[in-house]
Amino acid sequence: MNDWRVPGFTSTGSKRPDALFGPTPEAGFDPPAQMTRASGCRVWDQSGREYVDYIMALGAVALGYGHPAVNRAATAAINAGVVGPLPPVSEQELADALAARIPWLERVRFLKTGAEAVAAAVRLARVATGREEVLGCGYHGWLDWCQGATDGVPAGIRALFAELPFNDVATSRQMIRDRGRAHRLAAVVIEPVVVVEPTREWLEMLRAETTRAGAVLIFDEIKTAFRLAIGGAVERYGVRPAPDLVVLGKALANGFPRRCVRALASGGHAAAARAASAPECAFGTSDWRRRHCRDVFSALCDGGIVPASGAGRGAAGAVVQKNRVQLRLARARRRDGGQNARNPR
Ligand SMILES: Cc1ncc(COP(=O)(O)O)c(C=O)c1O
């Protein structure tokens, strides 16, 4: 395609010039290959040509490029020192601000990229359920767990993942039931909008069937959060009980690398109102699962199985403290009267 020293340049295929303008652009149109700057809704190429950008970094930049308030906040954070030995106060402030806007939020884990954050949610689900298989629908980043038949992904990893068809109620239900019956399904991860909107029937079926299968329902709201609504698809489509985990991203930091995994309240059938007024973490509807998963979420995050990778705690902070996690999980199980994570119902 080109002889650049950095083949393909940007991180995702969809941001390459061929993806934007087609492999053979119209006669007379000389498409830009690289940009020099961006501001508001405009970008400029190397020869100084100006374009209106309808893509907006694939939805990452909801407020426009170089938004002054966001840049001021980023500059202040840089001036305050980017990393340090302790978690930054601003992390807690941001979590509180998010919880104020999205009332069912209980706990938050910040990470840098969407792929990382969705992988973290899947790892949480695998530990919480003691199972390994995952069904996914949509794009969840480039990491191995969701790649299916991509070269370089080991067969053992591929075997743990299958694609769920978007908006196809009958097939999706059957796939969840088959794996649920065999106690193999850890999680169903969906991108709630893939080109078209999801049907209410499909969303309701996913919530009901994952609960029934003892699996964790994860909404990948990397593209939809803060865009469909502040609370993303969960808010817009009134998904209740809420998904067990939601991954928010892109627009959260207006293009700066910042994503998060959230444990959401779902509160069982007794409804949104309770969840909205009394946030709590809930992975499903049984009290045991809710309590157990809350402990797992804390233990994993505290223990480094889902490492922090935000400003102030970089990769060096991702210390895996397995013993501590196991100890905490064991305590959680004892508190739950001898039930264990492999038999969540
Ligand atoms: C729905 C969804 N999930 C995950 C990702 C991966 O995010 P990142 O590119 O930040 O790793 C993307 C990226 O476009 C996405 O659209």
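These legends describe several close-up views of a predicted model.

**View 1. The protein as a whole, by its secondary structure.** The secondary structure of this predicted protein comes to twelve helices and ten strands. Of its 345 residues, buried residues make up 35%. Where contacts in the protein join residues at least 6 apart in sequence, 66% of these contacts join residues that are at least 24 apart.

**View 2. The shell around the ligand.** Around the ligand there are 14 residues, and among them T113, G114, A115, G141 and I222 come nearest. When the residues of this shell are divided by character, five are nonpolar, six are polar and three are charged. Helix 5, which covers residues 114-129, gives the most to the shell, with three residues.

**View 3. Helix 5 and the residue that follows.** A student can check the length of helix 5 by reasoning, because at 1.5 Å a residue its 16 residues should span 22 Å, and the C-alpha atoms at its ends are 23 Å apart, which agrees. A residue counts as buried if 20 or more other C-beta atoms lie within 10 Å of its own. By that test 14 of the 16 residues of helix 5 are buried, so the helix is largely enclosed by the rest of the structure. Just after helix 5, G130 takes a positive phi of about 70°.

**View 4. Strand 7 between its partners.** Strand 7 (residues 185-190) has six of its six residues buried, so this strand too is largely enclosed by the rest of the structure. Five bridges join strand 7 to strand 5 (residues 133-137), and the two run parallel, with A187 of strand 7 as the bridge partner of V134. Strand 7 is also joined to strand 8 (residues 216-221) by four bridges, again in parallel, and here the bridge partner of A187 is V216. A187 can therefore be followed from one pairing to the other, since A187 is the partner of V134 and also of V216.

**View 5. The β-α-β unit.** Strand 7, helix 8 (residues 200-213) and strand 8 together make a β-α-β unit, and this unit is right-handed. The strands of the unit, 7 and 8, run parallel and are joined by four bridges.

**View 6. Q174 in helix 7.** Q174 lies in helix 7, which covers residues 169-181. Because Q174 has 12 C-beta neighbours inside 10 Å, this residue counts as exposed. Although Q174 and E209 are 35 residues apart in sequence, they are 9.4 Å apart in space, from C-alpha to C-alpha.

How values were computed: Residues are numbered from 1 along each chain as its sequence is written. This is a predicted model: local features need pLDDT of at least 70, side-chain atom pairs count only at pLDDT 80 or more; totals for chains, interfaces and linings use all residues. A residue is near a molecule or strand if its C-beta atom, placed from the backbone, lies within 6 Å of it. Ala, Val, Leu, Ile, Met, Phe, Trp, Tyr, Cys and Pro count as nonpolar, Asp, Glu, Lys and Arg as charged, and the others, Gly among them, as polar. The expected span of a helix is 1.5 Å times one less than its number of residues. Two strands pair if DSSP finds at least two bridges between them. A crossover is right-handed if, with the strands pointing away from the viewer, the path from the first strand over the helix to the second runs clockwise. Two residues are in contact if their C-beta atoms, placed from the backbone, lie within 7 Å.
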